[in-house]
Amino acid sequence: MTHISSFVALGCNGLTYQQNDYTINIQMSQVRHYSFGNEEQNMVRQYLYTERAHLMCPNMNFGIVCEVNSPFDENRIRYTLSLLVKAHPFLSALLGYEEDTKQYYYNITSDSQVDLIVMDKNITGLYDKLVISEYERLVSTDWNLTCEGMLKIVCWKHENKLCILFVFHHLLADGRAAL
């Protein structure tokens, strides 16, 4: 069995061990029909009922970096991500907007919207400069959630372990929920 040996939560102000506890309330609406590929499925559209700041700030995100006691295996990483995407529909979601109701919602697509970056480099651990600089690069630009996903993942080799950086937009999860 694989275990996470340690993790660090990254905040917009740099490296921290604590995240502010923000809340996003998602309420269910009535069932509507949506098309996924060639199949018609009944899905409940999930609207966003949240503070204006979460929608108006395209760079409201945070990161968690962890070290996994398992060898670096790109195929296994991709397979595991595919299982996560199947289990969590928001990993296939973009931000949608209904003109008639003037409401934002999670627009579930048929494809993963997770941006996976596999680095073929060895790092020295969780606090390696490459981890920090990649985190800073990912959060230094605005995320357009209408055409890119709410999770970015970067993986590196560390000794005989795997180091993973998860960068979440706050509309996907808060720090506590992501852990």
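## Contacts, burial and confidence in a predicted model

Beyond the neighbours within four places in sequence, valine 131 touches Val65, Ile123, Gly125, Leu126, Trp156, Cys163 and Leu165 (contact means heavy atoms within 4.5 Å). The model is predicted and its residues are numbered from 1 along each chain as the sequence is written. Local features need pLDDT of at least 70 and side-chain atom pairs count only at pLDDT 80 or more, while totals for chains, interfaces and linings use all residues; side-chain values use heavy atoms, without hydrogens or water.

One of the contacts of valine 131, leucine 165, is 34 residues away in sequence, with a C-alpha to C-alpha distance of 7.4 Å. Valine 131 belongs to helix H3, residues 129–139. Helices (H or I, at least four residues) and strands (E, at least two) are DSSP runs numbered from the N terminus. The buried residues of H3 are Val131, Glu134, Tyr135, Leu138 and Val139. Viewed down the axis of H3, these residues fall within an arc of 125°, so they line one face of the helix; the arc is taken over directions from the helix axis to the C-beta atoms. At the start of H3, a side-chain oxygen of aspartate 128 comes within 2.7 Å of the backbone nitrogen of leucine 130.

Two lysines lie in strand E9 (residues 151–158): lysine 157 and lysine 152. The table sets them beside valine 131. Buried means under 20% relative accessible area, exposed over 50%, partly exposed in between (1.4 Å probe, protein chains only).

| Residue | Element | Relative accessible area | Class |
|---|---|---|---|
| Valine 131 | H3 | 0% | buried |
| Lysine 152 | E9 | 6% | buried |
| Lysine 157 | E9 | 27% | partly exposed |

The side chain of lysine 152 makes a polar contact of 2.7 Å with that of glutamate 148 (N or O atoms within 3.5 Å, one able to donate a hydrogen and the other to accept it; residues adjacent in sequence count only if both atoms are side-chain atoms). Outside the residues within four places in sequence, lysine 152 is in contact with Asp115, Leu138, Trp143, Leu165, Phe166 and Val167. Among these, Leu138 is also on the list of buried residues of H3, and Leu165 is also a contact of valine 131.

The side chain of lysine 157 has a polar contact of 3.1 Å with the side chain of aspartate 120. With neighbours within four places left aside, lysine 157 contacts Phe72, Asp120, Lys121, Asn122 and Ile123. Proline 71 is 86 residues from lysine 157 along the chain, and their C-alpha atoms are 7.8 Å apart.

Strands E6 (residues 93–98) and E7 (residues 103–108) pair in the antiparallel sense over six bridges; pairing requires at least two bridges found by DSSP. Glutamine 103 in E7 is the bridge partner of glutamate 98. Four residues separate the strands of this hairpin, in which lysine 102 takes a positive phi near 60°.

Overall, the protein has four helices and 10 strands, in the order β-β-β-β-α-β-α-β-β-β-α-β-β-α from the N terminus. Of the 179 residues, 41% are buried. Among contacts between residues at least 6 apart in sequence, 65% join residues at least 24 apart.

Mean pLDDT (the predictor's confidence in each residue, from 0 to 100) is 75, and 67% of the residues score at least 70. Confidence is highest in E9, at 95, and lowest in strand E2 (residues 14–16), at a mean of 28. Residues 1–42 have pLDDT below 50, and this stretch has 110 contacts in the model beyond near neighbours in sequence.
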